[in-house]
Amino acid sequence: PMYYKGWYHFFYQHNPKASHWGDLVWGHAVSRDLINWIYLPNAMLPDQWYDVVGVWTGSANILPDGSIVVLYTGCTKEQVQNINLAYPADLSDPLLINWVKYSGNPLLYPPPGIGNMEFRDPSNVWLTPNGTWRFAIGTKYNTTGISFVFETKNFINYTLLDELLHQVPNTGIWECIDMYPVSLTSMNGLDTSVNGPQVMHVLKVSLQEQQGDFYGIGRYDVVKDIWTPDSPEVDVGIELRYDYGRFYASKTFYDQSKQRRILWGFSRECDTEDADIKKGWASLQVVPREIVFDNKTKSNLLLWPVKEVESLRSNGKEFNKVKLTAGSIVPLDVGKTAQLDITADFEIDNNALEEVMEADVGYNCTTSNGASGRSALGPFGLLVLANDGRSEQTAVYFYIAKGTDGNLKTFFCSDQSRSSKATDVSNKEIYGTTVPVLENEKLSLRILVDHSIVEAFAQGGRTAITSRVYPTEAIAGAARVFLFNNATGAAVTATSVKIWEMNSASMKFYSDQPKA
């Protein structure tokens with residue numbers, strides 16, 4: 001993705017022939033506001049010997065002189081991945097409809113010791129102090145995830161640098177690698193080439209084996225070309241994720257028009273391939289999210305839906321100081337729609353927090369009984385995409401566990417176990433993890449609800465969870481929203497709940513647009 005001459009450009013992996021993986025091209029869409037989109041003709045097709053199996057993932061880069069270079073992965077019929085160069089045919093065209101592949105492609109093949117099908121996904125490029133450009137590629141040695149860095153002056157000739165950017169044992173192959181700076185002092189995003197003492201660098205990888213996007217926060221030494229995690233115990237692939245749900249193969253870009261860094265990611269299907277073929281499409285892009293460093297915890301990122309999504313809001317309703325006694329469920333009258341934007345703050349009875357005696361050290365969202373389980377201090381939160389009898393529902397909630405040391409640990413979870421009565425949905429997991437809650441902070445969440453996806457955020461974006469759901473009854477006007485408190489020993493107050501109906505974004509095709 002990138003921003004060019006007033007348009008946000010989104011390039012994506014797309015099979016134009018069928019709603020399953022294969023025959024991949026670079027699809028292309030543009031938007032003025034990241035919300036309403038126009039589908040353009042496909043940018044690049046698998047029409048050369050070096051990319052005949054597919055035009056796979058890469059990066060779009062705007063250089064300081066205004067030129068644009070795209071680095072992308074190709075694959076030959078002999079199953080050898082390679083890196084290629086492409087560029088716009090006409091830089092004066094703000095829509096960048098036509099693209100040219102460099103006549104000297106391919107530029108790079110897998111280095112010695114790397115598998116022919118384990119060399120893909122060049123990152124965005126960054127400029128070094130000596131005027132050269134670098135980019136990273138993730139791969140693996142045996143089971144160790146690693147990243148190479150290549151350097152170039154002209155995007156034609158490349159040098160493989162001696163040092164690995166980073167490596168982590170037992171993480172498997174690293175896909176869709178991304179490295180970028182975040183400011184320690186500002187809430188603005190930074191251009192990919194920025195470095196300095198007030199900057200940390202995020203290293204993100206998509207772990208194929210776990211189908212998750214993991215990141216670490218650390219320092220990038222541009223002289224040694226080494227990234228070092230700030231805390232080895234939260235190295236890449238160990239703990240921190242962008243999203244703890246159905247979310248993968250994400251990519252950020254720097255939006256120079258608003259000085260922010262924006263994240264795109266996709267949510268894979270959980271139904272059968274036959275179901276996807278029947279409906280004619282597969283996979284969803286989540287709402288774009290702005291990324292900043294959390295300068296309160298100083299240990300994680302904050303991911304939050306871009307401001308522009310609020311332009312879809314209508315018919316807002318507010319519910320204040322709703323008391324939720326232990327075991328209670330409270331319906332909220334929010335109209336008849338499955339598309340909602342919800343924010344909610346919760347306070348739990350302080351006396352209950354202090355009086356709970358038993359330790360709850362083994363809690364885990366994924367292995368728990370979900371929203372139906374009951375303990376002293378949770379779960380409590382919201383049920384969305386629920387039918388009247390709640391036989392279908394997706395639950396988003398907090399759960400507080402007390403350790404043997406008396407300290408409290410807060411979990412944020414999304415329970416899909418009752419999200420659909422459909423028999424062909426294979427994945428109805430309970431997602432979640434712990435979320436940092438600082439002293440005097442209320443428990444807060446935000447949920448973007450669509451008929452097929454639930455995006456949940458806790459504590460201003462410290463934790464995000466995407467759930468791909470398939471309700472059969474809790475759809476359109478039959479979808480309901482409930483507050484619930486399944487704690488056994490604590491009353492909870494929903495101090496503020498705000499719910500907006502959400503209009504649909506516009507999705508149009510270029511051929512439908514009036515010509516100038």
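The domain assignment splits this protein chain into domain 1 (2-307) and domain 2 (314-502). Keep in mind that you're looking at a predicted model. The C-alpha centres of the two domains sit 32 Å apart, and their contact draws on 28 residues from domain 1 and 26 residues from domain 2. There's 1 disulfide in the structure, and it joins cysteine 365 to cysteine 413. Below is a quick tour, by topic.

**The N-terminal stretch in the record**

- UniProt, in an unreviewed entry, lists residues 1-305 as "domain: Glycosyl hydrolase family 32 N-terminal".
- In the model, that span is 46% strand and 2% helix.
- The end C-alpha atoms of residues 1-305 lie 16 Å apart.

**The disulfide**

- The sulfurs of cysteine 365 and cysteine 413 are 2.1 Å from each other, S to S.
- What is the handedness of this disulfide? The torsion about the S-S bond of cysteine 365 and cysteine 413 is about -60°, so the bridge is left-handed.
- Cysteine 365 lies in the loop between helix 2 (350-355) and strand 26 (380-386), while cysteine 413 belongs to strand 28 (residues 408-415), so the pair ties together parts that are 48 residues apart in sequence.
- If you're wondering about accessibility, cysteine 365 and cysteine 413 are both buried.

**The cysteines outside the disulfide**

- Cysteine 75 is in no disulfide, and the nearest cysteine sulfur to it, that of cysteine 176, is 15 Å away.
- Cysteine 75 has a relative accessible area of 0%, so it's buried.
- Cysteine 176 is in no disulfide either: its nearest cysteine sulfur is that of cysteine 75, 15 Å away.
- Cysteine 176 has a relative accessibility of 10%, and since buried means under 20%, cysteine 176 counts as buried too.

**Strands 26, 27 and 28**

- As a general reminder, strands of a sheet pair through backbone hydrogen bonds, either parallel or antiparallel.
- How many residues of strand 26 are buried? The count is 7 of its 7 residues, and the strand is mostly covered.
- Strand 26 has strand 27 (residues 394-402) as an antiparallel partner, with 5 bridges joining them.
- Within that pairing, valine 384 has threonine 394 of strand 27 as its bridge partner.
- Strand 26 also pairs with strand 33 (residues 480-485), again in the antiparallel sense and over 5 bridges.
- There, glycine 381 stands opposite phenylalanine 484 of strand 33.
- Strand 27 has 9 of its 9 residues buried, so it's largely enclosed by the rest of the structure.
- Both faces of strand 27 are covered. One side carries Thr394, Val396, Phe398, Ile400 and Lys402, the other Ala395, Tyr397, Tyr399 and Ala401, and all of these are buried.
- Strand 27 runs antiparallel to strand 28, and 8 bridges join the two.
- Isoleucine 400 faces threonine 410 of strand 28 in that pairing.
- The hairpin of strand 27 and strand 28 has 5 residues between the strands, and in it glycine 406 takes a positive phi near 90°.

**A sheet with strands from both ends of the numbering**

- What is the strand order in the open sheet of 5 strands? The order is 1-2-3-4-35, and the pairing is mixed.
- Strand 1 (2-4) and strand 35 (507-509) are the edge strands, each pairing on one side only.
- From one strand to the next, the twist averages 35°.
- Strand 2 (residues 7-14) pairs with strand 3 (residues 25-31) in the antiparallel sense, over 7 bridges.
- Glutamine 13 has tryptophan 26 of strand 3 as its bridge partner.

**Just past strand 35**

- Tyrosine 510 lies in the segment after strand 35.
- Tyrosine 510 has a relative accessibility of 25%, so it counts as partly exposed.
- The C-alpha atoms of tyrosine 510 and asparagine 440 are separated by 51 Å, with their positions 70 residues apart along the chain.

Key
Residues numbered from 1 in each chain as written. Predicted model: local features only at pLDDT ≥ 70, side-chain atom pairs only at ≥ 80, totals over all residues. Heavy atoms only, no water. Disulfide = S-S within 2.5 Å. Helix = DSSP H or I, 4+ residues; strand = E, 2+ residues; numbered from the N terminus. Buried < 20%, exposed > 50% of the residue type's maximum accessible area, 1.4 Å probe, protein only. UniProt positions renumbered as here; feature names shortened; annotations may be inferred. Pairing = 2+ DSSP bridges. Axes fitted to C-alpha atoms, helices over the stretch in contact; angles between N-to-C directions. Domains from an automatic or database assignment. Contact = heavy atoms within 4.5 Å.
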